Amino acid sequence: MNTLLINDSHLGVKRQAGTTKGFRKLLEDWRLEEFESLFDIPHDNVIIAGDLCDSRHIEEHVMKRIVDILRAEDCVVMAGNHDIGGTNDYTMS
C-alpha cells in the first residue's frame, strides 16, 4: 500500500509581501496546481498532516478547488495550527 503524505501546504496564503495583486493571484494559482500535481504520484490513500490551508479564512474559490481535488481521494486530513482558530473554535478550515 502506498500512502501519499502531504504536510504544510499552506494553501490560500496571503503573506506575499512586496508583490502586486496580479502576481499574488498567479502565485496562488501556481500553488494550487502544484498541490494538485502531487496526486499524480501513485498512491492508495492520502494523509494530510496539518496546515492544509494557511488560515481558517480563505477565499471561496480556493476552498472550492481544494474540495474538488480532495473529493476524489481516500484521505485523512489532520488539523494543524493554521487550520484551527480562536481559543475555543477547532473547526477545520
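**Exercise 1.** Which residue does the side chain of R71 meet in a salt bridge?

*Solution.* The structure is a predicted model. Side chains of opposite charge can pair when their charged atoms come close. A salt bridge requires a side-chain nitrogen of Lys or Arg within 4 Å of a carboxyl oxygen of Asp or Glu. The side chains of R71 and D68 satisfy this condition, with an N to O distance of 3.9 Å. Next, locate the two residues: R71 and D68 belong to helix α2 and stand 3 residues apart, about one turn of the helix.

**Exercise 2.** Determine which residues are linked with D68 in a network of salt bridges.

*Solution.* Begin with K64, which forms a salt bridge with D68; their closest N and O atoms are 3.1 Å apart. Both K64 and D68 lie in helix α2 (residues 60–71), with a spacing of 4 residues, about one turn of the helix. Then add the salt bridge between R71 and D68. The network therefore links K64, D68 and R71.

**Exercise 3.** Classify K64, D68 and R71 by their accessibility.

*Solution.* Exposed means over 50% relative accessible area, and buried means under 20%. K64, at 53%, is therefore exposed. R71 is likewise exposed, at 63%. D68, at 40%, counts as partly exposed.

**Exercise 4.** Describe the salt bridge between K25 and D29.

*Solution.* The N to O distance between these side chains is 2.8 Å. K25 and D29 are both found in helix α1 (residues 21–37), 4 residues apart. K25 is partly exposed, with a relative accessible area of 39%, and D29 is partly exposed at 21%. In the whole structure, a search finds 4 salt bridges.

Key:
Residues numbered from 1 in each chain as written. Predicted model: local features only at pLDDT ≥ 70, side-chain atom pairs only at ≥ 80, totals over all residues. Heavy atoms only, no water. Buried < 20%, exposed > 50% of the residue type's maximum accessible area, 1.4 Å probe, protein only.
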